[in-house]
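Good morning, and thank you for coming. Please look at the structure on the screen while I go through a few of its features.

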Amino acid sequence: MILHFLGKSCLRSVLQRLRVGRVGRVGRRCFCAAQSGPCPDTPQQEDMTRNRAQISRVLCVAEKNDAAKGIAGIMSGGRFRKREGMSKFNKIYEYEYHLFGQNVTVTMTSVSGHLLGMEFKAPFQKWHSCNPVLLFDAEVEKYCPDNMLQIKRTLEKEARQCQALVIWTDCDREGENIGFEIIDVCKTVKPNIQVFRAKFSEITPNSIRRACETLMEPDANISDAVDVRQELDLRIGASFTRFQTLRLQKIFPNSLANQLISYGSCQFPTLGFVVERFKAIQAFIPETFYKIKVLHEVEEDTVEFSWKRNRLFNHTACLVLYQICMENPIATITSVTSKPKNKWRPLPLDTVELEKLVSRKLRINAKETMKIAEKLYTNGFISYPRTETNIFPESLPLSPLVEQQVLSPIWGTFAQRVLDQPGGPKPRQGKKSDQAHPPIHPTKYSNTLQGNEGRVYEFIVRHFLACVSQDALGQETVVDIDIAQERFSTSGLMIIARNYLDVYPYDRWSTKLIPVYEQGSQFQPSAIKMVDGQTSPPLLLSEADLISLMEKHGIGTDATHADHIETIKSRMYVGLTDDQRFLPGELGMGLVEGYNSMGYEMSKPYLRAELEADLKLVSEGQKDKQTVLQHHLQKYKTVFIESAKKAKKLDEALSPYLGAAQQITETEQQEMEISLPVRKCPGCGRDMVLKTKREGNGKYLSCVGYPACKTAVWFPETVLEVSRDDTICPTCRPHPVQMLKFQFRRGSLPPMMPLEFVGCIGGCDETLREVLDLRYLRGGGGGRRDEPHRAPNSNPQPSLPPVPSRPAPPRPLLAEGSVSVHTNSDVIVCNCGQEALLLTVRKEGPNQGRQFYKCNNGSCNFFLWSDQPSQQGSPPQAPQTSQPPRPSLGFRNTAGGGRGQEGGAGGNVGQTMCNCNETAVMRTVQKDGPNKGRTFYTCGKPRDQQCGFFLWADENARPLGDFGGGFNGGGGEGGNRPKITGDASANKPPAAKKPRTCSICHMPGHNKIRCPQR
């Protein structure tokens, strides 16, 4: 029995997890919240049943205070208790309600739109804080604005006392996202609070009651789509806006000194539509056309017959046909047809049609229309005004909605006619449905609304009554005639039943009377005329035209069209003519022309339309949030970088409108240039770009994630200039790793090596690894090192032949399999006192393959052949055996480390220890003076990490075995004395010096600077 019970329990839990996972992907779960019994086929039935008993207080949050008040009034029957919240604009309403099969106390409050905003983190918020291109990768965060803090505190306080949270925000994308902002705030203070979503389309008793009975889970996919849009709009808008504002304010200080020149991925295509229509009008060339018309006077009426050819653009051809008609001007009636003609009643009203029709018929702009519609909705007069649906669902009873309008003294009679017509209200149905809200319709009658509110409400009511009535009926008669084989026609119309036209004055359909004609009869025309005319250009766009284009090309949504139009108006990109048509401003024209001249049609709708399509797929759960975000960020980032490179085209396009562009200095030009990525940072995976050092005397490669990521590559002072080349290394990964173009200081490289060449800093180029001794400098020390991945059997060709590995002090092991490097017994020091660099001659000639020493940083003119008798006290170096090339190590991470210990001199048995308790190294004085050629011991660490130890090698050392007392005498600097182990007598005097020779002619007595052959 126990085993049987456990087996059933395990099976039930597995099935439950599978079901929850499956439903979670759909994103919607429904709970019969107002019923006492469990819903069949409802996920988490057991958890819900168990947790319902624990719910005694429910927090409900609406999107606006008016909506909260209306919903509370319906749920409480008008018997709620009102109290103040921490925000004086958002009240709290309390009442009892039967929910989850029991009586609970409901606390209803509201937010005021979005509770949280999205912004860059502090280091990137100021306009001059970074290069605008970095905003595509900068960290962003959600925060609560100051004006929303009191609302947030109210939610936190009320959530602590409640066991359940019901979201009553608008049922669209923005509303769903606001709902998740509320959830995040409440769950922060009470993680175990149960969350539900109320779905409704109007604030009416039936709709609210139905929402309470069918509470659902919030849809995370819809909220994710808004998060993606918000982040993209922030990054794209901020980067382009900062770039063009900061640049153009410097280029055109007289015209744009204090003007914000904003960019948005929706507002710019919207501006593009206006500019495109204006330029089409400018480019329009009128053409003269010719046509023939026939007039027939019957009693007091004149009938005009139009030519079937319509018009001709050839004067001669039209004149010939006209003369033929005049030779035999008798009209024969070839046909008389009469047929029914209907004028279709309007389709149910969606958001776009509301904006367009109110703009055309009532002359109220879209922004004001939506503001009024929102207010009418929250006050319960109309259904939700943001909908893409123009089909009334069968589940929505229309007769009660029509009955409410019977009370009107203006259209009440017509409403009664609709109720009395056969079949009752029968709407003409469209083809669009967002599966969320019905078409816009009135929800209750009112005769108290004034001004534009009253006009918009009246329009919505009349439109609703018109679409549920019947089409206007008429009879059309078409008469065709023939004159000399040229055909002409006219038509007449008789209206039989006006039907919907009686309540919808916004459409016009009038009777057109013509005489009675009989087929086969003839008549003499009163006149046959040949007239001319000219083609006319298209009109400037009206607001309705612009909204139609935005909808057609997928720019924005029905909820945002008005906002984008308002933005380009407020930025002075466009203006309005006397007849309310859009005319582009000079700045708007220049911006569109400038960006179009770059080759990127940023004013075209394609980029944004693709984004809107992807956002829809995210909201439906068909695409991943992060995938869509990264795809479009990369696409816009590429466009931004290319646009910044061609920024002068923007200056040139604006000059005709704003005056001559002001010349800027080279320094200012460099500041405005966009740093292009060279490679991905091995530390954080973000871009690494070239930057100029603060002192202005060189460049370095830095991660754009600074200061969070301190990965950097510092080039030595021998590099005069480094720039990004267009070529990409085929070997190094992660792809792409851009090649760099280097220019070295004269004298810093051997004579046979070019001072300018292109190389890869990904690690595959041996030349750069040896010449620059590339390392990563990363904060925190000890970070990992990225090794470039090589393709199978790849044999990359570096920009120069690889330099053989020079003798170098052993470094810490960087990766498994790294090749160890032997330490030379004598370290050659240049005139700067630093370890000299060993290189090999590559130029063809007598010295090809010969090795030499040179200054490591190019600050002195030190040069020494490695195979000549050492001038630094070391014996001649034996020919170096060939070593296998070092693996491609990429950059070394030396933070917190530095070079390893260097060995002592000449393989002596005894060892001299420095103050660091490490083996000291022997070096030779190169500087002219009494000690030139004399050897000494010093700390083996890099110069900036040395302990200060110094000891001449030829001084008497303490005898072996003498461990008492200190060292007396000697010439060590700072009084430091070494520890000596082994045989001290092994220290040998320096070898005899060989006269130094010129590196050009190899003769003693002078150097290469004073060489007569130079």
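Helices H9 and H17 are roughly perpendicular to each other, because angles from 65 to 115 degrees count as such. The axes of H9 (residues 267–283) and H17 (residues 561–570) cross at roughly 70° and come within 9 Å. Axes here are lines fitted to C-alpha atoms over the stretch in contact, with angles from 0 to 180 degrees between N-to-C directions. Helices are DSSP runs of H or I, at least four residues, numbered from the N terminus.

H9 brings Gln267, Thr270 and Leu271 to this contact (heavy atoms within 4.5 Å), and H17 brings His564, Ile565, Thr567 and Ile568. Three of these residues are nonpolar, four polar and none charged.

I should add that this is a predicted model, in which local features need pLDDT of at least 70, side-chain atom pairs count only at pLDDT 80 or more, and totals for chains, interfaces and linings use all residues. Residues are numbered from 1 along each chain as its sequence is written, and side-chain values use heavy atoms, without hydrogens or water.

Next, the interior. The largest nonpolar core, a set of buried Ala, Val, Leu, Ile, Met, Phe, Trp, Tyr and Cys residues joined through side-chain atoms within 4.5 Å, has 73 residues. Buried means under 20% relative accessible area, exposed over 50%, and partly exposed in between, with a 1.4 Å probe and protein chains only. Met108, Trp168 and Phe459 have the most contacts inside this core. Helix H15 (residues 451–467) gives the most to it, with nine residues.

Finally, lysine 649 lies in helix H21 (residues 647–658). Lysine 649 is partly exposed, at 34% relative accessible area.

Terms used. Helix = DSSP H or I, 4+ residues; strand = E, 2+ residues; numbered from the N terminus. Parallel < 35°, antiparallel > 145°, perpendicular 65-115°, else oblique. Nonpolar A, V, L, I, M, F, W, Y, C, P; charged D, E, K, R; others polar.
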